[in-house]
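Q: Could we go through this one together, a piece at a time? I'll ask short things and jump around a bit.

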Amino acid sequence: ARNVDDARLAHFRAILKARVSDRLDATLLYYHSDIDTNATSLLATTKPAVSIGGADDFVNTGFDMMSGTINYDLDFAKLTSTTTYLTTSFGIQSTFPLPAPVGNVAVRQVLDSNSINNETRLVSQGGGPFQWIVGTFYNRTKDKSLISAEPAIFPSSLQRLKSEAISVFGEASYELFDGKLVPLVGLRYFTDDRKTVSETPGGGVIPGSAQSANFHSLNPRFNL
């Protein structure tokens, strides 16, 4: 066949940098990407030759990312803060041949996600033997995934996932013997709250699907 497995790709990126003052500078970034592929096909078996795929199948992926970074010189240290917002989408449809009377079944999955995160850190400056860094990190993510089939040989399912994570960290080092030996110690605390639930297409919660959990850890570091 002609014009099978064709694809469309689109990528755009823009960067804006500004020197606000001798101490302050800022950078803005926007990045867009789309990759759409039509009529994917897989070979399920070779004897006999059975292919998986239909003329209406597809794989579509895309994302939009916006990011901003500021740097500020405090003489004794440099302050850097970066915030990023990201939206992603993924869709796939694959057709599977099933025995009669079912016939071909198109299974579709659509995933949408958005997240925002920020990292802020303060890094020591200067030529002294003692150097240090402290900072925080925050991330919030929301995912939505829909799975369906045509004909509807199984009920459609919509799953939602939410994650909110926070961490704080610090690190210090000291040069000994003209820099030949540099002991380093660090500590990082991390916590992540996650919630997930599965729903019917009408918005009703599937019994027993709602779950939540908290993950946390305290991680020391030592180098010599």
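Q: Is Phe63 buried, partly exposed or exposed?
A: Phe63 counts as partly exposed, because its relative accessibility is 25%, where buried means under 20% relative accessible area, exposed over 50% and partly exposed in between, with a 1.4 Å probe and protein chains only. This is a predicted model, in which local features need pLDDT of at least 70 and side-chain atom pairs count only at pLDDT 80 or more, while totals for chains, interfaces and linings use all residues. Residues are numbered from 1 along each chain as its sequence is written, and side-chain values use heavy atoms, with hydrogens and water left out.

Q: How many aromatic pairs are there?
A: The structure holds two aromatic pairs, a pair being rings of Phe, Tyr and Trp (its six-membered ring) with centres within 6.5 Å, called stacked if the planes are under 30 degrees apart, edge-to-face if over 60 and tilted for the rest. Tyr31 and Phe63 form an edge-to-face pair, because their planes stand at 90°, with the ring centres 5.3 Å apart.

Q: Where do Tyr31 and Phe63 sit in the chain?
A: Tyr31 is in strand E2 (residues 24–38) and Phe63 is in strand E5, so to speak of distant parts of the chain is fair, as the two are 32 residues apart. Strands (E, at least two residues) and helices (H or I, at least four) are DSSP runs, numbered from the N terminus. Tyr31 is partly exposed, with a relative accessible area of 27%.

Q: And what is the geometry of the pair of Phe76 and Trp132?
A: The pair of Phe76 and Trp132 is tilted, with 6.4 Å centre to centre and 35° between the planes. This pair also links distant parts of the chain, since Phe76 lies in the loop between E5 and strand E6 (77–98) and Trp132 in strand E8 (residues 130–150), 56 residues apart. Phe76 is partly exposed at 48% relative accessibility, and Trp132 is partly exposed as well, with a relative accessible area of 23%.

Q: Back to E5: what does Asn71 touch?
A: Asn71, which is placed in strand E5 (residues 58–73), is in contact (heavy atoms within 4.5 Å) with Arg23, Leu24, Asp25, Lys78, Leu79 and Thr80, leaving aside neighbours within four places in sequence. The side chains of Asn71 and Thr80 are joined by a polar contact of 2.7 Å, which is a pair of N or O atoms within 3.5 Å where, within protein, one must be able to donate a hydrogen and the other to accept it, and residues adjacent in sequence count only if both atoms are side-chain atoms.

Q: Buried or exposed, that Asn71?
A: Asn71 is buried, because its relative accessible area is 13%.

Q: New topic: which peptide bonds are cis?
A: Among them are the bond from Ala100 to Pro101, with omega near 5°, and the bond from Glu150 to Pro151, with omega near 0°. Pro101 is found in the loop between E6 and E7, whereas Pro151 is found in the loop between E8 and strand E9 (157–174).

Q: What about phi of Asp75 and Phe177?
A: Phi of Asp75 is near 70° and phi of Phe177 is near 55°, each a positive value in a residue other than glycine. Asp75 lies in the loop between E5 and E6 and is exposed, with a relative accessible area of 52%. Phe177 lies in the loop between E9 and strand E10 (184–199) and counts as exposed at 62% relative accessibility.
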